[in-house]
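Please open the model in your viewer and keep the sequence panel visible. The tour proceeds by successive selections.

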There are 2 protein chains.
Amino acid sequence: MTQDEKLDRLAEIAVKIGVNVQKGQELIVNAPVDARALVQRIVAHAYDAGATLVVPLFVDDVVQRARFVHADEESFDFSPAWLYEAMAKSVGDGAAVLTIVGSDPMLLAGCDPARIGRAQRATAAAMKPVRNLISSFATNWSILSFATPGWAASVFPDEPRDAAVAKLWDAIFAVSRVDQPDPVRAWRDHAATLRRRCDVLNEKRFAALRFRGPGTDLRVGLAEDHRWAGGSVESRNGTVCLPNMPTEEVFTMPHKMKVEGVVSATKPLVNGGALIEGIWVRFEAGRIVEAQASKGQDVFRALIGTDEGAARLGEVALVPEASPVAQSGLIFRNTLFDENAACHIALGQALSLNMEGGCDAARGANESLIHVDWMIGSGQMDVDGITASGAVEPVMRAGAFTLG
Amino acid sequence: MTQDEKLDRLAEIAVKIGVNVQKGQELIVNAPVDARALVQRIVAHAYDAGATLVVPLFVDDVVQRARFVHADEESFDFSPAWLYEAMAKSVGDGAAVLTIVGSDPMLLAGCDPARIGRAQRATAAAMKPVRNLISSFATNWSILSFATPGWAASVFPDEPRDAAVAKLWDAIFAVSRVDQPDPVRAWRDHAATLRRRCDVLNEKRFAALRFRGPGTDLRVGLAEDHRWAGGSVESRNGTVCLPNMPTEEVFTMPHKMKVEGVVSATKPLVNGGALIEGIWVRFEAGRIVEAQASKGQDVFRALIGTDEGAARLGEVALVPEASPVAQSGLIFRNTLFDENAACHIALGQALSLNMEGGCDAARGANESLIHVDWMIGSGQMDVDGITASGAVEPVMRAGAFTLG
């Protein structure tokens, strides 16, 4: 298969499985200009699927950076509110949204952090209406990635530019199941697997999970009325979409007061530009009471000291070692990929879709300004489910699901 | 000077002279994705000039065409009204607009003309609010061109692709005064020249112009209360912009009943995809009564038969033979350039800015569905102004201005 054919298959999956645009529906495509070749293919597949209109809104990294280099101080409290309001109007009127990400992680290197912060706050405020529509699944939407040179360089820093981009594409195609004989079918099967896994776990209503592996013996009590989620979502317009591509996790809400024991990270954590390795922590009554790291220990301790909830868990997720992302052996420095490489826990804010009726602190939902995933799973990880009566049932053995 | 330096100068002229973006003003840049390198430079210059925010809205020719190839029949009555409404809101709130054109003239070759017509009507209807703000100069705006491969191929059909693009860039840079030592100064001087020329001609209040050259002896009576325009315009927000880049013409309104004599075209006319050469016509009482062409005569006769006003004049424009566009010797197949190559007349609709108080048929303003410019000037053209009392004053000799 040529690179063009693979890109076309990625576009087809994004349209048919990711956003699942419907006949008669408008589609907005947010994309970096660099992703033009993928956008062109997405547009063709979306029209083939019966979209009435496909509207790409391109952004250019160079243009973004030019502002921080050339603009006056007054500029940084502005954002194109009129454009985000228009997107909210279109989504409110039924448009689907497909977002392609791939910015250079080093894009704003050397720019004034105060300016970056002000610009981010102005954009966040202006985007709130459209962001709320997206996060509440008012419409079908999806996010996927494009291998830009800047991102590729951060994943393969020792490779020449073109080789780095080619390697990153190979990895994206592999974890996106583009290499499989019928990728659309493969994704339908995979989404069904994740859905079944959630159904089984939701039916079990475990009181806790127990993780055991090298350096890990952790009991994660689950929140009352917790709900497992993963894979596809039925949006409020009735269309089933797959919001993240790739996705391998099923995840739910820990009880913020009921985590006990020790856990060791199995992969490095990249946070705020810093690398943290060899994390080992001990929990008591839901809270980290001891924390070590072989590298970046100060950064890690500062992170868990952000606020009261930063030392407690907001998410626990199960990912099998057979996951294509895990099999790649790469650190993508992109959450869309890395959180699908292994079982993980997240420090900080809980997710409302993981509790019936939304987040409720009284039932165990954690609150924090942060939400940071870190990997604890491996091929040597065993996971048990523990029922309210204390019965123990195997969920994973040696990194593979035995249940669901 | 490298190509990059020339592109940077073009961007600087577009920002400082064309749209003349003001400190504290937002700027919308409409552009083909192909023009990304020019847009990046425009963004930098606009922020340097104090713009608060520069918002590029990119369009992709391939995406436009994909719709005609892949979409369902229902698609073609849709347009992204929410996006055009948002642009109108932004312009209404004070944003300036810079538009870069350069579409492949053959972009939609082979596509269903009925679908193209429906899509154009849907877009025209949705764009009406923003178009009205632009055409009434509610804000400062400008249009310039980018040498895309498709356009270059239509100007230099016998050249390989890269050579055609390079040649078209050379021509654009030359007619945009980018090659001159201080292009911004050169444009300020040029705009002042055009303004002075308009002032002098407006003061003269000629009753008619007489054109004499090989195959031409034409008396063009001017409309009552006619006004000469050209070069820069003061928009209603008080900012002076140069709406067309390049621009070489000063133009006014003929009296639709008062054109007499014969005139020969000095360059081929490209209209509706057809080439018309060797045009010779005779006017009586403002109307064409005899029309010949050595090539495309049927097309030309059909054109002037479109409606009653199509055989009368809506514009007369003076352009010196020294104009850089004339000196290039090229047919650009792009009105933004070609109408600046020679003195020309336009069949059809008159322009409201050319009459005090706007178009008025009783004072001589012509009405028609068409407005087609064709070139009658050359280095052998003499033009006289004739006053109401019959006094004759030279305006141009051998294609050069002697007045104004």
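What pLDDT does chain A average, and what percentage of the residues score at least 70? Chain A averages a pLDDT (the predictor's confidence in each residue, from 0 to 100) of 94, and 99% of the residues score at least 70. This is a predicted model, in which local features need pLDDT of at least 70 and side-chain atom pairs count only at pLDDT 80 or more, while totals for chains, interfaces and linings use all residues. Residues are numbered from 1 along each chain as its sequence is written, chains are lettered from A and ligands numbered from 1 in the order in which they are written, and side-chain values use heavy atoms, with hydrogens and water left out.

Next, select residues 113-135 of chain B, which form helix α5 (helices are DSSP runs of H or I, at least four residues, and strands of E, at least two, numbered from the N terminus). At its start, a side-chain oxygen of B:D112 comes to within 2.9 Å of the backbone nitrogen of B:A114.

Move along to B:K128, where α5(B) has a kink of about 60°, shortly before the proline B:P129; the bend is the angle between axes fitted to the seven residues ending there and the seven starting there. After the helix, select B:F137, whose phi is positive, near 55°.

Now display the side chains of α5(B): B:R115, B:I116 and B:V130 are among the buried residues (under 20% relative accessible area, 1.4 Å probe, protein chains only). Their cover includes α3 (61-70), α4 (81-92), β3 (96-101) and β4 (141-145) of chain B.

Methods: Expected span 1.5 Å × (residues − 1). Buried < 20%, exposed > 50% of the residue type's maximum accessible area, 1.4 Å probe, protein only. Contact = heavy atoms within 4.5 Å. Polar contact = N/O pair within 3.5 Å; in protein donor to acceptor, adjacent residues only side chain to side chain.
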